[in-house]
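This report concerns aromatic contacts in a single model. The sequence and structure are shown first.

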Amino acid sequence: MQPAPGLNAIVLTGRPVDLNLPWLCARCGRPATSRLRWERVFQLSDSEDGHRYEIVAAEAPFCSDCTAEHERAVRRFTPLERALMCFRSQYIVPATVIGLFTLWTIRNFLPALFETPWSYANYIGLLPPIFGLMALLCLRAAWHDSHRHAVPPLTSVTDAFAFSPDIAGAFEGERHRYAISNEAFYHAFVEANHHLRWRPSGAAARKARGKRYALYAAIAVVVVVAAVWDWVAPYLR
């Protein structure tokens, strides 16, 4: 869910982790003592699959009390829990099948290396590492695909610094909407990032619109040329 526009909302270009942050607690406005880094998972509509997921990382400063409250409330996953999450990914199926086949090739073909001529042994010896590499690549894909399940839910502390997924259009560059609950932090945050503020009538927006219009014009020209060629081609034969 995107943070709703309101009194303490602003749209800034760039990634959330690259912003200038005032040394105030983003939740209560007191002097900050440390920064917290966290991620949010957004489910977005997709014309092909119906939906897709976007994971956005951010960080913000907090005071010692808010940081301690966050640490008490945040859900941490053990290494075993994180590993088991890979089974929630579709890539774990090919990873398992190819991994088992790799073990089979090791058992059946490695002993043959000492029983066959060297020319044949060269090719037989390639089977285990090739299939092993394929299994590792599938396992890596399963790990990354299941990452969204391993992102801890927001706490009341991190939720005080709300941000949206990337809302930029074509050629506009990355940008996000931020909704800050604390007034003091919000005003200091806006002042520190005033040069990154997105303005629909600004130079960057006009430049992006110009590029989109140029792209649309190029597509229109290609369509027209293709249509004309399809019409005149029979007469040129």
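Are W38 and F161 buried or exposed? Both W38 and F161 are buried. The model under discussion is a predicted one.

## Aromatic pairs

A pair of aromatic rings is described by the distance of the centres and the angle of the planes. The model contains 11 aromatic pairs. In one of them, the ring centres of W38 and F62 are 6.2 Å apart; the planes meet at 55°, so this pair is classed as tilted. The two residues are 24 apart in the sequence, with W38 in strand 2 (residues 34–46) and F62 in strand 3 (residues 50–62), and the pair thereby links distant parts of the chain.

W38 has a relative accessibility of 8% and counts as buried because the limit for that class is under 20%. F62, at 0% relative accessibility, is likewise assigned to the buried class.

W38 also pairs with F161. This contact is edge-to-face, with 6.1 Å from centre to centre and 90° between the planes. Because W38 belongs to strand 2 and F161 to strand 4 (residues 161–163), the pair ties together parts that lie 123 residues apart in sequence.

## Aromatic cluster

W38, F62 and F161 are among the members of one aromatic cluster. The cluster also includes F42, F163, Y178, F185 and F189.

## Charges over rings

Two arginine residues are placed over aromatic rings. The charged end of R148 sits over the ring of Y53, at 3.8 Å from the ring centre. R175 lies over the face of W198, with a distance of 4.3 Å to the centre of that ring.

Definitions and conventions
Residues numbered from 1 in each chain as written. Predicted model: local features only at pLDDT ≥ 70, side-chain atom pairs only at ≥ 80, totals over all residues. Heavy atoms only, no water. Phe/Tyr/Trp six-rings, centres within 6.5 Å; stacked < 30°, edge-to-face > 60°. Helix = DSSP H or I, 4+ residues; strand = E, 2+ residues; numbered from the N terminus. Buried < 20%, exposed > 50% of the residue type's maximum accessible area, 1.4 Å probe, protein only. Lys NZ or Arg CZ within 6 Å of the ring centre and 35° of its normal.
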